[in-house]
Amino acid sequence: MTSALPSSIPVSQLGLSASEAQILHQHQQIALQNQAYAHSASTRGRGHARTSASTSRAASAASSGHGRLVLDPGSLAVLGQHFERLMAAIQNRVEHLTAQTQTSTINQSSRAGAAMAAADAEIARFREIIRQIDELETEFDKVRHIRDIVKGFRARVDGLERRMDARGSRR
């Protein structure tokens, strides 16, 4: 007759850190409990007590044998499947977060591009205002020069008028 409990080895022989060993133990318990739950749900009322008892013993050994890895082929297969599902869930989460990061980066880039475009438009508007001010200053200088010329002519005309008035009053 084979031994009642599945064989196991100390986790310390696996070369794991303390935190890795703790994770292994936790997930070994979860995997075996999930297997026991799934198995009991699928065999209820079907008379599979032998397999169910084996699963229960493996789960019990895993929980009581803290610091040991159960080497039962069925338990290792369940643990392997559990870690495959866990890795797939982690990979899906990484892909989801990567997609969110890419979306955020694209949105931020779009906002930055829009802000730069708005800044460029304001700079262009400011340059146009400065150009118009320069044109107005040039026009102002021209008008001032013309005004000074007109003042000079007016002064001449006033002088000529006074002379003519003075000559007209002498006659």
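Here a biologist asks a modeller about a predicted protein model.

Biologist: Let's start with the overall layout. What is the pattern along the sequence?

Modeller: Reading along the chain you get β-α-α-β-α, so the protein has three helices and two strands.

Biologist: Why is valine 94 called partly exposed?

Modeller: Its relative accessible area is 41%. Buried means under 20% and exposed means over 50%, so at 41% valine 94 falls in between. You'll find valine 94 in helix α3, which covers residues 73-170.

Biologist: And what makes a nonpolar surface patch there?

Modeller: Met87, Ile90 and Val94 make that patch, about 280 Å² of it. A patch residue needs over 30% relative accessible area, and Val94 has 41%, so Val94 passes that cut-off.

Biologist: What about leucine 86: how do you know that it counts as partly exposed?

Modeller: Leucine 86 comes in at 26% relative accessibility. Buried would need under 20%, so leucine 86 is partly exposed. Leucine 86 is also in helix α3, and its C-alpha lies 9.5 Å from that of histidine 27, although the two are 59 residues apart in sequence.

Biologist: Which residues make up the largest nonpolar core?

Modeller: There are eight: Val11, Ala21, Leu24, Ala31, Leu32, Leu69, Val78 and Leu79. Helices α1 (18-43) and α3 each supply at least two of them, and α1 gives the most, with four. Core members must be buried, so each of the eight has under 20% relative accessible area. Val11 touches Ala21, Leu24 and Leu69, among others.

Biologist: How much of the protein is buried?

Modeller: Buried residues are 14% of the 171 residues.

Biologist: Now the charges. Why is the pair arginine 125 and glutamate 122 called a salt bridge?

Modeller: Their closest N and O atoms are 2.9 Å apart. The cut-off is within 4 Å, so the pair qualifies. Both sit in helix α3, three residues apart, which means about one helical turn separates them.

Biologist: What makes lysine 142 and glutamate 139 a salt bridge?

Modeller: Here the closest N and O atoms are 3.6 Å apart, which is still within 4 Å, so the pair counts. Lysine 142 is partly exposed at 45% relative accessibility, and glutamate 139 is partly exposed at 42%.

Biologist: And how do you know that arginine 144 bridges to aspartate 141?

Modeller: The closest N and O atoms are 2.6 Å apart, so this pair is within the 4 Å limit too. By this rule the protein has six salt bridges, and Glu128, Arg131 and Glu135 are linked in a salt-bridge network.

Terms used. Residues are numbered from 1 along each chain as its sequence is written. This is a predicted model: local features need pLDDT of at least 70, side-chain atom pairs count only at pLDDT 80 or more; totals for chains, interfaces and linings use all residues. Side-chain values use heavy atoms; hydrogens and water are left out. Patches are made of residues with over 30% relative accessible area and no salt bridge: like charges are joined within 9 Å, nonpolar side chains (Val, Leu, Ile, Met, Phe, Trp, Tyr) within 5 Å. Accessible areas come from the Shrake-Rupley method with a 1.4 Å probe; for residues, only the protein chains shown count as cover. A salt bridge is a side-chain nitrogen of Lys or Arg within 4 Å of a carboxyl oxygen of Asp or Glu. Buried means under 20% relative accessible area, exposed over 50%, partly exposed in between (1.4 Å probe, protein chains only). A nonpolar core is a set of buried Ala, Val, Leu, Ile, Met, Phe, Trp, Tyr and Cys residues joined through side-chain atoms within 4.5 Å. Contact means heavy atoms within 4.5 Å. Lists of a residue's contacts leave out its neighbours within four places in sequence.
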